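Here are my notes on this chain, point by point. Please read them with the structure open.

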Amino acid sequence: MRNFLMSAMALTAVLVIPGVASANDVADRTQAISICRAEVQAQAGADASVRLDQVRVRLRTVRVDLDVWRDGALQNVRCDVERGHEQLTIASITPTLQTASLAR
């Protein structure tokens with residue numbers, strides 16, 4: 001009986017805890033898209049068009065993939081955003097758009 005009770009409590013914890021942790025996933029995802037899109041647009045310049053490709057929410061990061069159209073050319077840009085702090089912050093943008101525009 002004790003093993004059954006412990007198993008039931010462990011199963012309940014596994015099922016409930018991720019639900020609580022994912023409560024902010026939608027808000028973090030929306031904010032990450034917003035800050036990544038703004039930063040990439042600022043780096044790419046006013047003549048570029050920045051569109052969302054996909055988003056993946058992970059435990060400590062949100063990965064935002066964007067398509068940047070500039071001068072008829074497509075460039076894929078990945079923006080990683082750190083979460084778990086008071087405020088989301090951009091950890092990296094790959095490739096950096098200033099460097100990519102100089103290489104053209």
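Buried, as used below, means under 20% relative accessible area; exposed means over 50%, and partly exposed lies in between. By that rule Cys36 is buried, and Cys79 is buried too. Keep in mind throughout that the model is predicted.

1. Overall layout. The chain has 3 helices and 4 strands. Along the sequence they follow the pattern α-α-β-β-β-β-α. The chain counts 104 residues, and 27% of them are buried. Its accessible surface is about 7,200 Å². Carbon and sulfur atoms supply 57% of that surface.

2. Contacts. Take the contacts in the chain with a separation of 6 or more. Of these, 36% are between residues 24 or more positions apart.

3. The disulfide. How many disulfides does the structure hold? It holds 1. A disulfide is a covalent bond between the sulfur atoms of two cysteines. Here Cys36 is joined to Cys79, with an S to S distance of 2.0 Å. The pair links distant parts of the chain: Cys36 sits in helix 2 and Cys79 in strand 3, 43 residues apart. Which hand does the disulfide have? The torsion about the S-S bond of Cys36 and Cys79 is about -70°, so the disulfide is left-handed.

4. Length of helix 2. This helix covers residues 25-44, which is 20 residues. At 1.5 Å a residue it should span 28 Å. The C-alpha atoms at its ends are 28 Å apart, so the model agrees with the expected span. Just after helix 2, Gly45 takes a positive phi of about 100°.

5. Two sides of helix 2. Which residues of helix 2 are buried? They are Asp28, Ala32, Ile33, Cys36, Val40, Gln43 and Ala44. These residues cover an arc of only 130° around the axis, so they lie on the same side of helix 2. On the other side, Val26, Thr30 and Ala42 are exposed. Cys36, the disulfide partner of Cys79, is thus listed with the buried residues of the helix.

6. Salt bridges between strands 2 and 3. The structure holds 5 salt bridges. Side chains of opposite charge can pair when their charged atoms come close. The side chains of Asp80 and Arg63 form one salt bridge, at 2.8 Å from N to O. Asp80 lies in strand 3 (residues 73-82) and Arg63 in strand 2 (residues 61-70), so this pair ties together parts that are 17 residues apart in sequence. Asp80 and Arg63 are both buried. Arg78 and Asp65 also meet in a salt bridge, at 2.9 Å from N to O. That pair links distant parts of the chain, with Arg78 in strand 3 and Asp65 in strand 2, 13 residues apart. Salt bridges that share partners also join Asp25, Asp28 and Arg83 into one network.

7. Asp65 and its arginines. Is Asp65 buried or exposed? Asp65 is buried, because its relative accessible area is 8%, below the 20% cut-off. Besides its bridge to Arg78, Asp65 has a salt bridge with Arg56, at 3.1 Å from N to O. Arg56 has a relative accessible area of 25%, so Arg56 counts as partly exposed. Arg78 is partly exposed as well, at 33% relative accessibility.

Methods:
Residues are numbered from 1 along each chain as its sequence is written. This is a predicted model: local features need pLDDT of at least 70, side-chain atom pairs count only at pLDDT 80 or more; totals for chains, interfaces and linings use all residues. Side-chain values use heavy atoms; hydrogens and water are left out. Helices (H or I, at least four residues) and strands (E, at least two) are DSSP runs, numbered from the N terminus. The expected span of a helix is 1.5 Å times one less than its number of residues. Buried means under 20% relative accessible area, exposed over 50%, partly exposed in between (1.4 Å probe, protein chains only). The arc is that of the directions from the helix axis to the C-beta atoms. Contact means heavy atoms within 4.5 Å. Accessible areas come from the Shrake-Rupley method with a 1.4 Å probe; for residues, only the protein chains shown count as cover. A salt bridge is a side-chain nitrogen of Lys or Arg within 4 Å of a carboxyl oxygen of Asp or Glu. A disulfide is a pair of cysteine sulfur atoms within 2.5 Å.
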